[in-house]
Amino acid sequence: MNPKKTSVTIAGKEISFETGKIARQANGSVVVCCGETMVLATACSTPDPLPDIDFLPLRVDYQEKFSSVGKTPSGFIKREGRPAERETLTSRLIDRPIRPMIKEGFYHDIQLLSYVLSYDAIHSPDVLAICAASAALCLSDIPLIKPIGAVRVGLIENTFVVNPTVDELKTSTLDLILAGTEDAVLMIEGSCQFLTEEQILQAIAIGHEAVQKICHCLHQWQQEHGKEKRLDTLHTIDPALTALVEEKAMPMLRKAATTHNKKEREKDMAAASKAIIAELTAEAHTPRFEKRDVKAALENVSSAFMRKSIFDSGIRWDGRKNTEIRPIFIEQGLLPRTHGSSLFTRGETQSIAICVLGGEHMAQRFEDLHGEGEQRFYMQYFFPPFSVGEVGRVGAPGRREIGHGKLAERALTAALPSKESFPYIIRLESNITESNGSSSMASVCGGCLALMEAGVPIQRPVSGIAMGLLLDQDRCIILSDILGVEDALGDMDFKITGDHLGITAFQMDIKVEGITIDIMRRALGQAKEGRIHILNKMLEACPKSKTMSTYAPRIETIQIKPSKIGIVIGPGGKQIRAIVEETGVDININDNGTVSLASASAEGLERAKQIILGLTAEAEIGKTYSGRLMSIVPFGFFVEILPGKEGLCHISELDVNRIEDINDYVKEKNIKIGDELQVVVQDINDRGQLKLSRKALLRQARPQAPIPA
């Protein structure tokens with residue numbers, strides 16, 4: 001065993017890379033450490049390329065082992081199961097910058113696996129996993145073009161911090177993850193609290209400086225210990241085929257450039273493509289080409305033609321100019337029985353957004369390496385196959401759906417009111433019913449409108465827009481509100497959300513190197529104009545948050561002493577179940593004594609509140625109570641003045657007249673168990689026992705005798 005190590009210091013923290021000790025049979029394996037957080041990443045590929053495919057067969061999986069913090073998963077099955085949301089999102093973070101940096105034509109099946117083996121709850125493992133996967137690829141024979149590095153950037157007390165700790169991130173107004181090479185940024189992802197475009201650009205520049213140090217370190221390590229890259233199996237397309245496809249596809253592409261309707265354009269292109277593929281792959285054709293090569297050549301020719309036509313004319317395939325936003329249609333309150341709903345349509349992309357409000361029981365619970373927790377606000381994104389006119393699988397959400405929903409959720413979180421001012425759990429749905437570009441940004445816009453329709457007090461409404469980019473040597477064009485085809489054939493997908501003054505979330509993926517800070521600045525400036533245009537359309541439809549729906553539950557919170565929680569819950573939960581059954585109110589009690597009550601019935605809410613206040617109230621000396629007679633003994637009455645609190649009203653304190661025998665008194669006054677009696681608390685001794693008096697109240701009520709003249 002001959003382990004090899006290298007390290008780099010980022011923002012005063014050492015990140016070490018080690019290989020040759022663990023997983024030595026993998027094509028490449030690396031353990032990355034920062035503090036006591038350790039991530040193992042492996043890279044493997046099949047010996048031979050896969051036949052008949054025209055895409056990169058890359059699979060990325062990331063898993064956080066509960067053993068890394070000395071824990072076992074809760075629940076019946078004590079092993080890790082399907083990926084949690086955080087694991088899925090981190091897998092996407094690893095995949096997105098790496099995919100465009102593997103040489104084109106490498107069709108071997110590739111698998112990147114990352115495992116968190118140790119976690120110190122200080123150094124976050126997600127950015128380390130990106131660096132670890134990159135390092136494993138560098139050492140393997142898989143043809144990674146350049147090493148990739150990744151860092152997180154925060155903004156704490158107006159100071160940018162690279163790779164902040166977990167606790168520091170809690171106070172940060174920015175959470176930006178950046179990945180790239182020594183020469184360019186490939187991916188950014190994150191959220192912030194209405195920061196300006198210049199602040200985001202500054203964070204990107206600072207983050208890229210740290211990424212360059214990581215890439216330089218990995219490049220040197222690769223030269224010293226990396227395997228020779230496997231280039232002999234790279235699949236290339238015959239230039240003669242590209243020329244032939246270009247000749248045959250030109251009529252189709254010229255027609256596509258003037259067909260503004262998506263379905264018509266796709267129908268025409270599909271028919272023409274099918275004919276070209278059939279002709280060039282037929283046995284009788286000389287030479288006969290492989291189907292995947294013809295498809296790849298068609299894509300390359302289509303991309304080149306789209307770029308040229310837009311560069312030459314300044315008009316896109318749907319007839320818009322580069323900065324033009326598609327027509328927007330909004331209908332509020334589409335669904336009458338939901339708490340809030342909005343139909344948001346932008347061109348051929350459409351979302352039905354639905355807001356549901358509820359009590360604490362509706363919170364999204366989760367378990368991760370930090371323990372169990374719950375989300376008060378969460379957004380779920382649905383992308384059924386009919387939204388693009390196709391037949392497809394329907395079931396559990398895929399990685400794309402989870403990622404799009406999380407992006408929209410982050411975008412809207414900064415606009416939400418505090419828990420103290422709006423104690424509701426909020427669930428948002430975005431149901432995509434049509435899609436032709438940037439359905440995640442339609443989810444942001446529709447989601448914000450659904451929140452406002454539901455009565456959530458949004459003070460700073462948020463919109464979103466997706467930007468594209470076309471690069472051609474020294475020329476570049478930035479496209480606002482991109483179409484699906486511009487996303488597929490273009491060089492950038494840059495999503496930005498926010499209001500007139502600031503940004504709340506962003507996500508950028510680059511397919512090529514060469515995106516400079518200046519291009520990003522231009523894209524952010526153009527995005528701001530488009531974002532404001534969309535936001536103004538939203539505010540025309542819904543200028544401010546409306547009153548809450550009559551179908552939404554009403555929530556009220558009360559505070560009790562933590563020592564009284566057990567009284568409200570009762571033995572085995574008996575007491576709280578009884579309150580719920582009687583009132584129909586959803587009740588949730590936090591450890592600090594905050595009691596949340598949720599109900600659509602105002603009467604039920606008030607009744608539950610009074611019961612809980614009664615159970616937790618404490619008797620006060622000198623205060624009068626309407627009590628219930630619980631038992632009669634020779635020396636007095638035991639009276640319950642508060643739920644579970646009884647006191648003794650001694651025989652001498654029952655009446656203004658002397659009582660010789662309590663049984664005679666009870667018969668004379670027709671008093672029985674359960675009767676309501678007015679009593680006053682005279683004293684509370686050290687053991688909490690109550691001394692009650694009825695006589696004092698009777699004396700006050702007795703009319704005064706007239707004074708003799």
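# Notebook: contacts in a predicted model

**Entry 1, two helices.** I began with helix α1 (residues 85-98) and helix α8 (residues 399-413), which pack at an angle of about 100° with their axes 10 Å apart. I keep in mind throughout that this is a predicted model. Angles of 65 to 115 degrees count as roughly perpendicular, and α1 and α8 are therefore roughly perpendicular to each other. I then looked up which residues touch, and found Glu85, Thr88, Leu89, Ser91 and Arg92 on the α1 side, meeting Arg399, Arg400, Ile402, Gly403, His404, Lys406 and Arg410 on the α8 side. Sorted by character, the residues of this contact are two nonpolar, four polar and six charged.

**Entry 2, salt bridges.** Searching the whole structure for salt bridges, I find 42. I chose a few of them to follow up.

The side chains of Asp481 and Arg320 form one of these, at 3.5 Å from N to O. I note that this pair links distant parts of the chain, since Asp481 sits in the loop between β19 (475-480) and α10 (484-489) while Arg320 sits in the loop between α7 and β11 (328-332), 161 residues apart. I also looked up whether the two partners are buried or exposed, and both Asp481 and Arg320 are buried.

Next I took Arg376 and Glu360, whose salt bridge has its closest N and O atoms 2.9 Å apart. Arg376 belongs to the loop between β15 (371-375) and β16 (377-382), and Glu360 to the loop between β13 (349-358) and β14 (364-368), so the pair ties together parts that are 16 residues apart in sequence. Arg376 has 21% relative accessibility and so counts as partly exposed, whereas Glu360, at 4%, counts as buried.

In the salt bridge of Arg628 with Glu640, the closest N and O atoms are 3.5 Å apart. Here both partners lie in strands, Arg628 in β25 (residues 624-633) and Glu640 in β26 (residues 636-642), so the pair ties together parts twelve residues apart in sequence. Arg628 is partly exposed, with a relative accessible area of 40%, while Glu640 is buried, with 18%. I also record that salt bridges with shared partners join Asp318, Arg320, Arg326, Arg346 and Asp481 into one network.

**Entry 3, two loop residues.** Where is Ser438 found? I located Ser438 in the loop between β17 (425-434) and α9 (439-453), where it is buried, with a relative accessible area of 12%. Leaving aside its neighbours within four places in sequence, I find Ser438 in contact with Arg346, Thr349 and Ala466. For Glu283, in the loop between α6 (262-281) and α7 (291-313), I noted a relative accessible area of 68%, so Glu283 is exposed. From Glu283 to Arg365 there are 82 residues in sequence and 58 Å in space, C-alpha to C-alpha.

**Entry 4, aromatic pairs.** The structure holds five aromatic pairs. In one of them, Phe17 and Trp221 are tilted, with 6.2 Å from centre to centre and 55° between the planes. This pair again links distant parts of the chain, Phe17 in strand β2 (residues 13-19) and Trp221 in helix α4 (residues 197-225), 204 residues apart. Phe17, at 1% relative accessibility, counts as buried, and Trp221 is buried with a relative accessible area of 2%. The rings of Phe422 and Tyr424 have their centres 4.7 Å apart and their planes at 35°, so I enter this pair as tilted. Phe422 is buried at 8% relative accessible area, and Tyr424 is buried at 7%.

Note on methods. Residues are numbered from 1 along each chain as its sequence is written. This is a predicted model: local features need pLDDT of at least 70, side-chain atom pairs count only at pLDDT 80 or more; totals for chains, interfaces and linings use all residues. Side-chain values use heavy atoms; hydrogens and water are left out. Axes are lines fitted to C-alpha atoms, for helices over the stretch in contact, and angles run from 0 to 180 degrees between N-to-C directions. Helices (H or I, at least four residues) and strands (E, at least two) are DSSP runs, numbered from the N terminus. Angles under 35 degrees count as roughly parallel, over 145 as roughly antiparallel, 65 to 115 as roughly perpendicular and the rest as oblique. Contact means heavy atoms within 4.5 Å. Ala, Val, Leu, Ile, Met, Phe, Trp, Tyr, Cys and Pro count as nonpolar, Asp, Glu, Lys and Arg as charged, and the others, Gly among them, as polar. Buried means under 20% relative accessible area, exposed over 50%, partly exposed in between (1.4 Å probe, protein chains only). A salt bridge is a side-chain nitrogen of Lys or Arg within 4 Å of a carboxyl oxygen of Asp or Glu. Rings of Phe, Tyr and Trp (its six-membered ring) pair if their centres lie within 6.5 Å; planes under 30 degrees apart count as stacked, over 60 as edge-to-face and the rest as tilted.
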